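Welcome, and take a moment to look around before reading on. The notes below walk through a few places in the model, one after another.

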Amino acid sequence: MSERIELDITLPKETRYLGLVGQIGESMARSLERFSGDREELAYHINLVLTEAMANAIQHAKEPSSTEVRITITLMHHKLIIKVFDQGQGFDLCTLAPPDASCLQEHGRGIFIIQTIMDRVIYRKLKGGHVLEMEKTLH
Amino acid sequence: MNIQINEQGNIVLISVVEERLDAHNSTDLKTRLLSLFEDGKNNMVINLEEVRFVDSSGLGALVSGFKNASARNGSLKLAGLQPQVQSMFELTRLHRVFEIFPTSEDALASFQP
């Protein structure tokens, strides 16, 4: 897979755009020139990761001044890198415990799902906000 | 959110007529379920055959309904999961929590003594 794709998307900070960003991810997965795995599963997973990460950014970016969410999707050298930028207070990735099925929590599965699907997940502080970086090697 | 509600005896069949159940519309589903519980409806089947995509918020709304039904000595069962939606329940181990049926007819029949 030698193809290089770079998408830079800025959307209003509203949940009604989750479907749009998910569709963009699915379309990208289906258009990959060389990918030997389950293409429909990859499409669903990219949709899911983008949906969870954008919803998370909306939830954590509660400052009235922030009205947009920026997402970059890069495919390069077999690596898919998704970055979601938020302008909020942030959270600590390490303190998020995996959901306990026996407790039946209603919240807290989003980051767990992202960590299960992607190979590497980092959340770090930037000037004026944070970025959630997610990486997956495609075969 | 577009949902259809059909009462069949003391069981309510709720069909979610949306392609996605996500952070945009899951609160709406949760609210509609709560309204049914407040009306004394404690046995439910949620038909998800039209739903192609579910995220953690959608799962959270279903968990909320499940907990409310159980707390009222009722039950909330699921039907018609598409393969990718089923895989979400397996990923989060919620397939061990919910009773899941291939069709809504199967789920409704399971309430019969």
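Which residues does Gly129(A) touch, not counting residues up to four places away in sequence? They are Asp86(A), Gln87(A) and Gly88(A). Please keep in mind throughout that this is a predicted model.

**A glycine in chain A**

Gly129(A) is part of strand S5 of chain A, which covers residues 129-137. Is Gly129(A) buried or exposed? Its relative accessibility is 6%, so Gly129(A) counts as buried, given that the cut-off for buried is under 20%. You can also look from Gly129(A) to Lys13(A): the two are 116 residues apart along the chain, and 14 Å separates their C-alpha atoms.

**Where the chains meet**

Now turn to the contact between chain B and chain A. The size of an interface is often given as the accessible area lost when the parts come together. Here, about 2,000 Å² is buried between chain B and chain A, and carbon and sulfur atoms account for 61% of it. Chain B brings 24 residues to the contact, and chain A brings 24 residues.

How many salt bridges are there between chain B and chain A? The count is 1 salt bridge. Its partners are Arg52(B) and Glu26(A), whose side chains meet at 3.3 Å, N to O. There are also 8 residue pairs in polar contact between chain B and chain A, with both residues at pLDDT 80 or more.

On the side of chain B that touches chain A, at least two residues each come from strand S5 (53-54), helix H2 (56-71) and helix H3 (83-91) of chain B. H2(B) gives the most, with 7 residues. By class, that side of chain B is made up as follows.

| Class on the side of chain B that touches chain A | Count |
|---|---|
| Nonpolar | 11 residues |
| Polar | 6 residues |
| Charged | 7 residues |

**A sheet in chain B**

Chain B also holds an open sheet of 5 strands, with mixed pairing and the order S1-S2-S4-S6-S7. Which strands sit at the edges? Strand S1 (3-8) and strand S7 (100-101) of chain B do, as each pairs on one side only.

Strands of a sheet pair through backbone hydrogen bonds, either parallel or antiparallel. In chain B, strand S4 (residues 43-47) and strand S6 (residues 75-79) run parallel and are joined by 5 bridges. To find one such pairing on screen, start at Met44(B): its bridge partner in S6(B) is Leu76(B).

Methods
Residues are numbered from 1 along each chain as its sequence is written. Chains are lettered from A and ligands numbered from 1 in the order in which they are written. This is a predicted model: local features need pLDDT of at least 70, side-chain atom pairs count only at pLDDT 80 or more; totals for chains, interfaces and linings use all residues. Side-chain values use heavy atoms; hydrogens and water are left out. Contact means heavy atoms within 4.5 Å. Buried area is the accessible area (1.4 Å probe) that two parts lose on being put together, summed over both. A salt bridge is a side-chain nitrogen of Lys or Arg within 4 Å of a carboxyl oxygen of Asp or Glu. A polar contact is a pair of N or O atoms within 3.5 Å; within protein, one must be able to donate a hydrogen and the other to accept it, and residues adjacent in sequence count only if both atoms are side-chain atoms. Helices (H or I, at least four residues) and strands (E, at least two) are DSSP runs, numbered from the N terminus. Ala, Val, Leu, Ile, Met, Phe, Trp, Tyr, Cys and Pro count as nonpolar, Asp, Glu, Lys and Arg as charged, and the others, Gly among them, as polar. Buried means under 20% relative accessible area, exposed over 50%, partly exposed in between (1.4 Å probe, protein chains only). Two strands pair if DSSP finds at least two bridges between them.
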